[in-house]
Amino acid sequence: MSISIVIEEEGLSVAIRIQGSFDFSLFSDFRESYINLVGQYSIYTIDLSHVEYLDSAALGMLLSMRSTVGEGCTIKLSGANDFISNILKISRFDKLFVIE
């Protein structure tokens, strides 16, 4: 399990890549990955292409991130496999986030 940060598009967006299981064990690491970036970027992309498992704690962390970065920002959830995409849709996250 790991999280990495990649700054893209001339500083307008930031990508946060998660690998392995996205669950409560990443609570602190996930928050630390974006908390110091608030106000610096308008687009946050969460790369889920290497996530094998996602639980309700991860959904809560995404909602917390949305509240923290503010309404003027866009959060994109990208690269999720079919299983995780289904969880996101059932949870109606497609109404709150851009799912790619």
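In this predicted model, a good place to enter the structure is Ile 46, which, once residues up to four places away in sequence are set aside, touches Ile 16, Ile 18, Phe 30, Leu 62, Met 65, Ile 75, Lys 76, Leu 77 and Ser 78. Ile 46 is found in strand E3, and because its relative accessibility is 0%, where anything under 20% is called buried, Ile 46 counts as buried. Sequence separation and separation in space can be set side by side for this residue: Ile 46 and Ile 99 lie 53 residues apart in sequence, while their C-alpha atoms are 9.7 Å apart in space.

One of the residues that Ile 46 touches is Ile 16, and this residue belongs to strand E2. Is Ile 16 buried or exposed? With a relative accessible area of 0%, Ile 16 is buried. If its neighbours within four places in sequence are left aside, Ile 16 is in contact with Ile 3, Ser 4, Phe 30, Ser 33, Tyr 34, Thr 45, Ile 46, Asp 47 and Met 65. For one of these partners, Asp 47, the distance between C-alpha atoms is 6.0 Å, although 31 residues separate Asp 47 from Ile 16 along the chain.

Phe 30 appears among the contacts of Ile 46 and also among those of Ile 16. Its own contacts, again not counting residues up to four places away in sequence, are Ile 3, Ile 16, Ile 18, Phe 22, Ile 46, Met 61, Leu 62 and Met 65.

These contacts lead to the interior of the protein, where the largest nonpolar core has 28 residues, and where those with the most contacts inside this core are Phe 22, Phe 30, Tyr 44, Ile 46, Leu 48, Met 65 and Leu 77. At least two residues of this core come from each of strand E2 (13–22), helix H1 (27–35), strand E3 (43–54), helix H2 (56–69), strand E4 (74–78) and helix H3 (82–90). Which of the elements gives the most to this core? It is H2, with six residues. A general tendency is worth keeping in mind here: in soluble globular proteins, nonpolar side chains tend to be buried together.

With the core in view, the reader can step back to the whole chain. The secondary structure of the protein comes to three helices and five strands, and, read from the N terminus on, the elements follow the order β-β-α-β-α-β-α-β. Of the contacts between residues at least 6 apart in sequence, 67% join residues at least 24 apart. The C-alpha atoms fill a box of roughly 30 × 25 × 20 Å along the principal axes. The radius of gyration is 12 Å, which agrees with a compact globule, because such a globule with 100 residues would have a value near 13 Å.

Buried residues account for 38% of the 100 residues in the protein. The accessible surface comes to about 5600 Å², and 49% of that surface belongs to carbon and sulfur atoms. As for charge, the protein has 7 positive and 13 negative side chains, and the centres of the two sets lie 9 Å apart.

A few residues with greater accessibility complete the tour. Ser 49 has its place in strand E3, the strand in which Ile 46 is also found; at 40% relative accessibility, however, Ser 49 counts as partly exposed. Apart from its neighbours within four places in sequence, Ser 49 is in contact with Ser 78 and Gly 79, and its C-alpha atom is separated by 19 Å from that of Phe 24, which is 25 residues away along the chain.

Two further residues lie in loops. Asn 36 is found in the loop between H1 and E3, and because its relative accessibility is 62%, Asn 36 counts as exposed. The C-alpha atoms of Asn 36 and Asp 82, which are 46 residues apart along the chain, are separated by 31 Å. Arg 92 has its place in the loop between H3 and strand E5 (98–99), and at 52% relative accessibility, where exposed means over 50%, Arg 92 counts as exposed too. The backbone at Arg 92 also deserves attention, since phi of this residue is near 60°, a positive value in a residue other than glycine. Most residues other than glycine have a negative phi.

Notes
Residues numbered from 1 in each chain as written. Predicted model: local features only at pLDDT ≥ 70, side-chain atom pairs only at ≥ 80, totals over all residues. Heavy atoms only, no water. Core = buried A, V, L, I, M, F, W, Y, C linked by side-chain atoms within 4.5 Å. Buried < 20%, exposed > 50% of the residue type's maximum accessible area, 1.4 Å probe, protein only. Helix = DSSP H or I, 4+ residues; strand = E, 2+ residues; numbered from the N terminus. Contact = heavy atoms within 4.5 Å. Rg over C-alpha atoms; globule rule 2.2 N^0.38 Å. Areas by Shrake-Rupley, 256 points an atom, 1.4 Å probe, with all protein chains shown as cover. Lys, Arg positive; Asp, Glu negative; His and termini not counted. Charge placed at Lys NZ, Arg CZ, Asp CG, Glu CD.
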